[in-house]
Amino acid sequence: MLFSGLVFIFRFLPIFLFFYIVTPGKYRNFILFVGSLIFYAVGEPVYVFLLLGELILNYVCYCGFIRNKRHFRLILPIVLDVAALVVFKYMLIPGLSMPLGISFYTFQLIAFLMDERKKARKNPVRFLNFATYIVMFPQLVAGPIVQFKEVHHELANNAFSWEKLEKGARTFAIGLSFKVLLANQVGTLWNSVQTAGTVGLGFSNAWLGAVAYTFQIYFDFLGYSLMAIGLGRMLGFELPENFREPYSATSFSEFWRRWHVTLGRWFREYVYIPLGGSRKGTLRTILNLLVVWALTGIWHGAGWNFLLWGLGFFLLLVLEKFLYGRFLEKYKILGHLYVILLLPVSWVIFGITDLSVLWDYLRCMIGMGDDRVFAGFSVFLRYMRSYAPLLMICLLFATPYPRRFWEKYKDKLWMSLLVIFFFCFSCYEIAIGSSNPFLYFRF
Amino acid sequence: MRRIKQYPFLTAFFAIMILGFLIGVIKAALYPQDVSLGRYFAWHLTQPFWTELLPDYSVEGRSSLGYVDTYSSDLTGDLREDEEKDGNDMEGAGTDPTGIDGAVVSNVSGTSAAADGDASGAGESSAETAGEGTGVSGEDNGRDAGEGNTGATGDLADAEAVAAGSADGSGPASVGDNATHSGVTGFVTYEPVETDSYYYTDRGRIALTTDYAYDTVDDSYFADAAFIGDSRTLGLHDYSGWKESAAFYCENGFSIYRWTKGGKVTFQNTGRDVDLTGELQRKKYGKIYIMAGMNDLGYGNTELFGEWFGSFLEMVKESQPDAVIYLMANLHISRKQDGVKEEMNNVNVNDKNATIATFADGQRVFYLDANPLFCDEAGYLKDDITFDGFHLYAANYPVWTDFIKSHAVER
């Protein structure tokens, strides 16, 4: 079930909310747990048992750890979780598809175990709280990657309120609008450029396509994260934010503090720092960064282009850390230009899985494509005629200004009406069957 | 009142939803044939409770199913009293009186070969959960109606060529004797499979390019040409090199259905939306290329499509009395995309193409099918020439333009 689908919005969500609100406070977690399993089972009728199995296994080992405090009891479930992820995602066994959200819930399981290692608890967390934390449907399939401490209080004490429902519904509607009205629409431009093919793709169109994809992936994932946060808030939980206007960064170090924030946090707290972080000398720091970025790359997908993508950022971050980072901070304009120029290139590497097609596309981007050009400047002009307004709007929403505007007027009635209008328009677009992919769904 | 001030979003939201729902239900009851925004809301909020009460408006003018052969009488072709042509079964019922037993015509365009033996198609479309990353929504980046399960696919059991009366067994592909088989649009028949879709029927026939002594021309031929169509024609506009000379009335999502509703189409030469009927009355062209139907796969059924296409063609013929008209076959769908959406499959495409082909008369209106150039033996668009399964890579358009240039009719 996609958040941006009518089945979810007009069937699952109203029915679930009804039961959730009607249920007395202390049983709400149970409703959320069961409802989330149903949500998952609709998309994965078989793999829901894998999920349940991992929950039980992790919890049993965790209880054993609380009793005995031997680290092995935590290392075992972590290893098994990673093994499951590797088997289902990377081994590409024919006939074995990848379970929805496995990349996300595996990381949350590991986060839980590693956080619990540091806490000196006498008694284990209740199974229901633990399980609900892992599977709650707002964040099960596509994040944000939540830490247990962020929801523990709300799980232990019923935290639902109409106020939060109101705020959450707004956030959800905005997220949906970003996804359907911005991401899906600009995605058709990227689709058009890919449809033209890399043979004879002109310089202008190669860049136009890359920019379109840059916007698509941002608004797609931002939209989905906002929907997740909105849903979480509707249920009473404050899920962490995942994006902080990443495209306004002046360096890639800053970019990765603003893009998919919870993922960066996960890698920092559970991989980088345990490995020593930057406290063991320059060489070790570089090595740690290499591990983190290689893993970040392949976490996004089982493809060589993803590894390339991660390693590309490793290179840029090392250069920034040891060479020109401070220079960029000083001359912010140059920093902005540096990011704006390299971002589309990085997204192209992320977006094209076939290495030979990727190589051809990159050649087109530096003007070294084939001699015979089919999709040339006149085609570019035609695209611009259709897409220029949309691209301008995307550009605007990639800056911090809309958010400031929102913060100022979000409680006004007219703002609510505006958001409802966009919500209805989004539902209309979904209903008439226009392009509605979800890019981060293969996680 | 305090509640509204306290929760402006929720109260406004519920108020609008209830209002919209009521409007939608009332409108749906009053105008059952009207497909509109209100209906979508009413539909999705109340589905399936209203299914019994309201008429099914999801498809315009749903009509009866069945293997209706509407093409018996007014078929194409040069119906000269030629001996070689006696006994040619124009309806494609499968008999072969002229002795071309089992001869597979070289330009056969087949249909999807995977036969399950049972009527309804195999499998559920998992378009939402499929591991494909970037969005391929099928067809144009524009709108298409309908979503859901795969449709049936037929089995190309025997390609029995019942086509133009080439008694010497050379088949209609050979441009041969003008007198004997010029102007006939033949069909390849096969064993049809029962379908349960209201969009189309498997009639067991695939149309072939009109047999004619075509000339080969160069680019100057298109100086007075007009191209009408959807996103594939738009590709032709972008990559053929004819955009400076010819007129292009095309856009993503163009459909005959929309034209019947008075919809406009983009005149790509200026980038403005125009009324096609008015344009064709004002301007005179020497040749008109029409390629439409892909975006009609989910509108109505084939019989209706035939009617709409007929009136469309009438409009073109009346306003362009001197023009040669080329009806271009819709391209097939690739293996990966065939059937991902219920009505987007090659059986449906062939059904529409066959309907279009019946309008070719071999004297002024010709049917051109470029599918054999781009499809494999089973009739699927080849995977290595398309990104999304529906459109060709830009680099493949020269093959297509060569085909068009080698199938020209000079007056």
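1. In this predicted model, strand β9 (residues 324-328) of chain B is joined to β10(B) by four bridges, and the two strands run parallel. Within this pairing, Tyr326(B) is placed opposite Phe366(B) of β10(B). Between β9(B) and β10(B) the chain passes through helix α9 (residues 346-357) of chain B, giving a β-α-β crossover that is right-handed.

2. The side chains of strand β10 (residues 365-368) of chain B deserve a separate remark. Phe366(B), the residue facing Tyr326(B), points the same way as Leu368(B), while Val365(B) and Tyr367(B) point the other way. What is the state of these four residues, buried or exposed? All are buried, on either side of the strand.

3. A second parallel pair in chain B involves strand β4 (residues 225-229) and β5(B), which are linked by four bridges. Gly229(B) has Cys250(B) of β5(B) as its bridge partner. The connection from β4(B) to β5(B) runs through helix α5 (residues 231-239) of chain B, and this β-α-β crossover is likewise right-handed.

4. Strand β5 (residues 247-250) of chain B directs Ala247(B) and Tyr249(B) to one side, with Phe248(B) and Cys250(B) directed to the other. Every one of these residues is buried, including Cys250(B), the partner of Gly229(B).

5. For chain B as a whole, the assignment gives 11 helices and 10 strands. Of its 411 residues, 57% count as buried. Among contacts between residues at least 6 apart in the sequence of chain B, 73% connect residues at least 24 apart. The accessible surface of chain B amounts to about 17,200 Å², with 51% of it belonging to carbon and sulfur atoms.

6. The domain assignment splits chain B into domain 1 (2-46) and domain 2 (219-405). Their C-alpha centres are 38 Å apart.

7. Chain A is likewise divided, into domain 1 (6-159) and domain 2 (165-442). How far apart are the centres of these domains, taken over C-alpha atoms? The separation in chain A is 27 Å.

8. The contact between the two domains of chain A can be described in some detail. On the domain 1 side of chain A, 37 residues are in contact with 38 residues of domain 2 of chain A. Together the two domains of chain A bury about 3,300 Å², and 74% of this lies on carbon and sulfur atoms. The residues of domain 1 of chain A that lose the most area to domain 2 of chain A are Phe107(A), Pro144(A) and Ile145(A), which together account for 17% of what that side buries.

How values were computed. Residues are numbered from 1 along each chain as its sequence is written. Chains are lettered from A and ligands numbered from 1 in the order in which they are written. This is a predicted model: local features need pLDDT of at least 70, side-chain atom pairs count only at pLDDT 80 or more; totals for chains, interfaces and linings use all residues. Side-chain values use heavy atoms; hydrogens and water are left out. Buried means under 20% relative accessible area, exposed over 50%, partly exposed in between (1.4 Å probe, protein chains only). Two strands pair if DSSP finds at least two bridges between them. A crossover is right-handed if, with the strands pointing away from the viewer, the path from the first strand over the helix to the second runs clockwise. Domain bounds come from an automatic or database domain assignment. Contact means heavy atoms within 4.5 Å. Accessible areas come from the Shrake-Rupley method with a 1.4 Å probe; for residues, only the protein chains shown count as cover. Buried area is the accessible area (1.4 Å probe) that two parts lose on being put together, summed over both.
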